[in-house]
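User: Please take a close look at the open space in this model. What surrounds it, and how do the neighbouring parts fit together? Keep it brisk.

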Amino acid sequence: MPELPEVEVTRLGIHPYIEGRRVSGLILRRDGLRWPFPVNLPQLIVGQTILSTGRRGKYLLLHFGHGSLLIHLGMSGNLRIMPPETPAQKHDHVDIVLGEQMLRLTDPRRFGAVLWHDNTNGSLEEHLLLRKLGVEPLSDQFTSDLMFQQTRQRSAAIKQVLLAGDVVVGVGNIYACESLFRAGINPKTAANRISRKRYQALSVVIRQILAEAIKQGGSTLKDFVGADGKTGYFQQSYFVYDRAGEACRVCQGTIRHITQGQRSSFYCVNCQK
Ligand SMILES: [Zn+2]
């Protein structure tokens with residue numbers, strides 16, 4: 001599943017080809033993906049210029065003068081720049097034509113989304129899907145103080161609080177497991193039992209891990225151009241994720257696997273207290 005780093009790298013990859021370009025055509029090959037496409041989408045964006053791109057959580061944002069297009073890649077979606085005459089394959093659902101370029105959304109499992117926010121409906125931050133999101137992990141608003149304060153009433157396990165995304169957004173399962181390992185925090189620890197000092201360590205490693213993944217994905221930027229480019233997960237070497245029964249890379253203890261909220265957690269009992 002594309003996580004925050006993959007979405008940010010997608011944005012960086014397509015941005016130079018779409019910013020400042022006018023939409024000359026829109027091809028929708030279905031009525032929708034996870035949700036229906038806005039029925040008047042062609043009237044809304046054809047003839048209009050993409051002024052800039054952005055991201056909020058895992059939503060990619062294409063900003064126009066009168067509103068913004070929200071694109072979510074779901075479980076399996078990707079966006080690619082290619083010539084407009086490129087034949088569509090089975091899972092190519094949306095083409096945004098930009099003169100002699102085209103932005104194509106491919107999504108085999110169809111959990112993605114393309115939605116419109118009109119500026120007449122108020123601020124984009126207040127959009128139904130965005131307003132409950134926690135702070136961006138790579139922004140200045142994400143601090144250990146914020147994590148500490150927002151977890152005082154939360155007795156749920158820290159792992160589940162991270163995944164809930166309402167304190168900090170974009171820390172998916174892999175990144176939650178890995179950052180808790182690096183911060184030395186057991187994933188089962190109640191969020192309100194974690195000290196300010198330990199949140200300091202956790203906020204630092206969350207930033208580090210996401211920034212590292214984005215940097216690593218930077219080498220794939222050229223893959224967003226051309227029909228045969230391969231985009232996908234950033235293959236990283238993990239300390240704990242998906243390593244149940246293997247030896248901890250730090251203490252040689254055995255990595256354990258537990259299920260929390262129907263999600264797999266991996267951790268080292270020696271290194272994480
Ligand atoms: Zn260990």
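Analyst: The largest pocket holds about 610 Å³ of space. The model is predicted, so every value here is computed from predicted coordinates. The pocket lining has 27 residues. M1, E3, K58, H72 and L163 lie nearest the centre of the pocket. By class, the lining divides into 14 nonpolar, seven polar and six charged residues. Helix α4, residues 158-164, gives the largest share of the lining, with three residues.

Start from α4 and move to the next helix. Helix α5 covers residues 173-183. The buried residues of α5 pack against α4, and also against α1, α6 and β10. Nine of the 11 residues of α5 are buried, so this helix is largely enclosed by the rest of the structure. The buried set runs N173, Y175, A176, C177, E178, S179, L180, F181 and A183. After α5 comes G184, with a positive phi near 70 degrees.

Helix α1 is one of the packing partners of α5, and it leads to the sheet. α1 spans residues 4-18 and lies across β2 and β3. Its angle to β2 is about 175 degrees. The sheet is open and has four strands, in the order β2-β3-β4-β8. Pairing in this sheet is antiparallel. β2 (52-56) and β8 (113-118) are the edge strands, each pairing on one side only. From one strand to the next, the twist averages 25 degrees.

Inside that sheet, take the β3 and β4 pair. β3 covers residues 59-63 and β4 covers residues 67-72. Five bridges join the two strands in the antiparallel sense. One bridge sets L62 against L69 in β4. H72, among the residues nearest the pocket centre, falls within the 67-72 range of β4.

Now the enclosed space. The count is one cavity of 30 Å³ or more. The volume of the largest cavity is about 40 Å³. Its lining is I71, L79, V94, I96, L103, R104, L105 and V114. The elements that give two or more residues to this lining are β6 (92-98) and β7 (101-106). β7 gives the most, with three residues. Seven of the lining residues are nonpolar, one is charged and none is polar.

β6 and β7 deserve a look of their own. They pair in the antiparallel sense over six bridges. L98 stands opposite Q101 in β7. The two strands form a hairpin with two residues between them. In that turn, G99 has a positive phi of about 65 degrees. β6 is mostly covered: seven of its seven residues are buried. β6 also has a second partner. Strand β1, residues 25-28, runs antiparallel to β6 and is joined to it by four bridges. Within this pairing, G25 has V97 as its bridge partner in β6.

L79, from the cavity lining, falls in the range of strand β5, residues 78-82, which also holds N78. Is N78 buried or exposed? Its relative accessibility is 16%, so N78 counts as buried; the cut-off is under 20%. The C-alpha atoms of N78 and G122 are separated by 29 Å. Along the chain the two residues are 44 residues apart.

Last, the backbone in two loops. Most residues other than glycine have a negative phi. Q252 has a positive phi of about 70 degrees, although this residue is not a glycine. Q252 sits in the loop between α6 (196-217) and β9 (255-260). With 58% relative accessibility, Q252 counts as exposed. Q262 also has a positive phi, near 65 degrees. Its place is the loop between β9 and β10 (263-268). Q262 is exposed too, with a relative accessible area of 79%. β10 brings the account back to α5, whose buried residues pack against that strand.

To pull the pocket picture together: α4 gives the largest share of the pocket lining, and the buried residues of α5 pack against α4 and α1. α1 in turn lies across β2 and β3. The cavity is a separate feature, with β6 and β7 each giving two or more residues to its lining.

How values were computed: Residues are numbered from 1 along each chain as its sequence is written. This is a predicted model: local features need pLDDT of at least 70, side-chain atom pairs count only at pLDDT 80 or more; totals for chains, interfaces and linings use all residues. Side-chain values use heavy atoms; hydrogens and water are left out. On a 1 Å grid over the protein atoms alone, a cavity is a set of points where a 1.4 Å probe fits but cannot get out, and a pocket is an open set with protein on both sides within 12 Å along at least five of seven lines; lining residues have an atom within 4 Å of a point. Grid points are joined across faces, edges and corners, and a volume is the space filled by probe spheres set on the points. Ala, Val, Leu, Ile, Met, Phe, Trp, Tyr, Cys and Pro count as nonpolar, Asp, Glu, Lys and Arg as charged, and the others, Gly among them, as polar. Two strands pair if DSSP finds at least two bridges between them. Axes are lines fitted to C-alpha atoms, for helices over the stretch in contact, and angles run from 0 to 180 degrees between N-to-C directions. Contact means heavy atoms within 4.5 Å. Buried means under 20% relative accessible area, exposed over 50%, partly exposed in between (1.4 Å probe, protein chains only).
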